Amino acid sequence: MNAARPSTRRGLTLVELLVVIAIIALLVGLLLPAVQGVREAARRTQCGNNLKQLGLALLAHESSFRAFPCGGPKSGHQLSWHAVILPRIEQRPLFDRIDWQTTGGLPVNRTLSRDHAVVAFFCPSNPADTQRGVFLSSLVDGLHCFTQHYNGIAGPVGANPASGQPYP
């Protein structure tokens with residue numbers, strides 16, 4: 001009696017392997033948008049935290065000086081309120097480097113590096129100004145100049161159109 005031995009297979013056939021790869025690719029394809037959504041939600045949260053930090057710094061300045069920070073020509077320098085609130089957003093070393101007596105308010109040694117880009121002034125969801133996590137800067141008169149994403153309103157400039165009187 002010659003009984004046939006049951007065959008024992010080891011490994012996967014090519015069709016089975018392709019099916020497994022297709023299933024893994026499908027799962028990755030479904031998971032990738034979810035991961036990107038979570039990352040964008042984290043960036044939105046960071047942006048909200050930046051705005052909250054700037055708001056608290058402005059309120060702390062107003063509490064100390066009984067006025068919100070002024071920036072521009074009326075304040076005696078060309079720097080915006082961003083520079084004035086630097087100590088209140090944990091940027092005291094950068095604030096101390098500013099020469100407030102010069103018109104431009106440039107740092108004393110007139111050089112800035114990428115280390116001086118204040119992260120709190122940038123929205124992490126804006127890909128136009130970031131490249132691989134490093135804030136882009138441009139050289140103006142040999143200085144690195146950085147932009148920012150959060151603007152403030154300095155108030156009216158010029159004269160009131162109805163009365164013709166200059167704004168205070």
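In the predicted model, the largest nonpolar core comprises 20 residues, of which L54, I85, L86, I89, V118 and F121 touch the most other members. Two or more residues of this core come from each of α1 (14-65), α2 (81-84) and α3 (92-96). The greatest contribution is that of α1, which supplies four residues. In soluble globular proteins, nonpolar side chains tend to be buried together.

The surroundings of I85, one of the core residues with the most contacts to other members, were examined further. When neighbours within four places in sequence are set aside, I85 is in contact with L54, A57, L58 and P69. Among these partners, L54 is itself listed with I85 as a residue that touches the most other core members.

With regard to overall architecture, the protein contains three helices and four strands. Their order along the sequence is α-α-α-β-β-β-β. Among contacts with a separation of 6 or more, 47% join residues 24 or more positions apart.

Burial and surface were also computed. The protein has 168 residues, and 20% of them count as buried. The exposed surface amounts to about 12400 Å², with 61% supplied by carbon and sulfur atoms.

Two cysteines were considered individually. C47 has a relative accessibility of 14% and therefore counts as buried, the cut-off being under 20%. C123 likewise counts as buried because its relative accessibility is 14%. A disulfide is a covalent bond between the sulfur atoms of two cysteines. The structure holds zero disulfides.

Note on methods:
Residues are numbered from 1 along each chain as its sequence is written. This is a predicted model: local features need pLDDT of at least 70, side-chain atom pairs count only at pLDDT 80 or more; totals for chains, interfaces and linings use all residues. Side-chain values use heavy atoms; hydrogens and water are left out. A nonpolar core is a set of buried Ala, Val, Leu, Ile, Met, Phe, Trp, Tyr and Cys residues joined through side-chain atoms within 4.5 Å. Buried means under 20% relative accessible area, exposed over 50%, partly exposed in between (1.4 Å probe, protein chains only). Contact means heavy atoms within 4.5 Å. Accessible areas come from the Shrake-Rupley method with a 1.4 Å probe; for residues, only the protein chains shown count as cover. A disulfide is a pair of cysteine sulfur atoms within 2.5 Å.
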